Amino acid sequence: MFKSRIALAALLTVGVGTLPLSAQHSTGALPTNAFITVGGLDWAWAYPLPSSSSGFTLSGQSGFGWHIPTAAELALAPLATAFLFPGGNVPFGGSDAGSGASFQATNGAYTGAGACATPWFSTGYYHCDWQDGLGQPYGPWNGMDGAVGFADQLVVRDSGNGTVPEPATMSLLALGLSGIAAARRRRGAEK
């Protein structure tokens, strides 16, 4: 029995290892260093092209609250430079070791790291086109006035409302509440 479980675990590991990075990440929650929060909204730089291009998907991420911004939300969209912060998932001039995310066409004026979430929203791309972000040479974002055919896609959600508790978290909560209930019953029986 033990050997069969090890064989099954090895098979699953090998199977997952053969998936493209985007397939591995498109169903998991975005790490907090792959998006920013501005004006009560979480913003993710999700795709190097408009969402109408083939390859963009919300199938795994809509369950975490992510959606294409409405016109009202897009009016509040951050500049590309807002995605720069220490600890961002993508170092400029490099890529995120876990997801493969990277920034293309960065210019020398920016250093450090930024947030690029393309692997979580794509079936074939891993990068964000820096020059196509709002405030950069070819911005604005897709859906804004003046956007061109290769304008990058943002996605948005209410800050804090898109998080879904993991099953392990819910199990711990249930265990803790059960312990509190048992302690109260015990205390009531002792009186």
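**Sheet, cores and surface patch**

Strand β2 (residues 41-47) runs antiparallel to β7, and six bridges join the two. The model is predicted. Both strands belong to an open sheet of three strands, and both also give two or more residues to the largest nonpolar core.

**Sheet**
- The strand order is β1-β2-β7, with antiparallel pairing.
- β1 (36-38) and β7 (153-158) are the edge strands, each pairing on one side only.
- On average, neighbouring strands of this sheet are turned by 35° against each other, direction ignored.
- Within the pairing of β2 and β7, Ala44 has Val155 of β7 as its bridge partner.

**Nonpolar cores**
- The largest nonpolar core has 21 residues.
- Those touching the most other members are Trp43, Trp45, Ala77, Phe83, Phe103, Trp141 and Leu154.
- β2 and β7 are the elements that give two or more residues to this core.
- β2 supplies the largest share, three residues.
- A second core, separate from this one, has 14 residues, among them Leu30, Phe35, Tyr47 and Leu49.

**Surface patch**
- Tyr138, Val148 and Phe150 make a nonpolar surface patch of about 280 Å².
- Phe150 lies in the loop between β6 (127-129) and β7.
- Phe150 counts as partly exposed because its relative accessibility is 39%, and partly exposed covers values between the buried limit, under 20%, and the exposed limit, over 50%.

Notes:
Residues are numbered from 1 along each chain as its sequence is written. This is a predicted model: local features need pLDDT of at least 70, side-chain atom pairs count only at pLDDT 80 or more; totals for chains, interfaces and linings use all residues. Side-chain values use heavy atoms; hydrogens and water are left out. Two strands pair if DSSP finds at least two bridges between them. Helices (H or I, at least four residues) and strands (E, at least two) are DSSP runs, numbered from the N terminus. Axes are lines fitted to C-alpha atoms, for helices over the stretch in contact, and angles run from 0 to 180 degrees between N-to-C directions. A nonpolar core is a set of buried Ala, Val, Leu, Ile, Met, Phe, Trp, Tyr and Cys residues joined through side-chain atoms within 4.5 Å. Buried means under 20% relative accessible area, exposed over 50%, partly exposed in between (1.4 Å probe, protein chains only). Patches are made of residues with over 30% relative accessible area and no salt bridge: like charges are joined within 9 Å, nonpolar side chains (Val, Leu, Ile, Met, Phe, Trp, Tyr) within 5 Å. Accessible areas come from the Shrake-Rupley method with a 1.4 Å probe; for residues, only the protein chains shown count as cover. A salt bridge is a side-chain nitrogen of Lys or Arg within 4 Å of a carboxyl oxygen of Asp or Glu.
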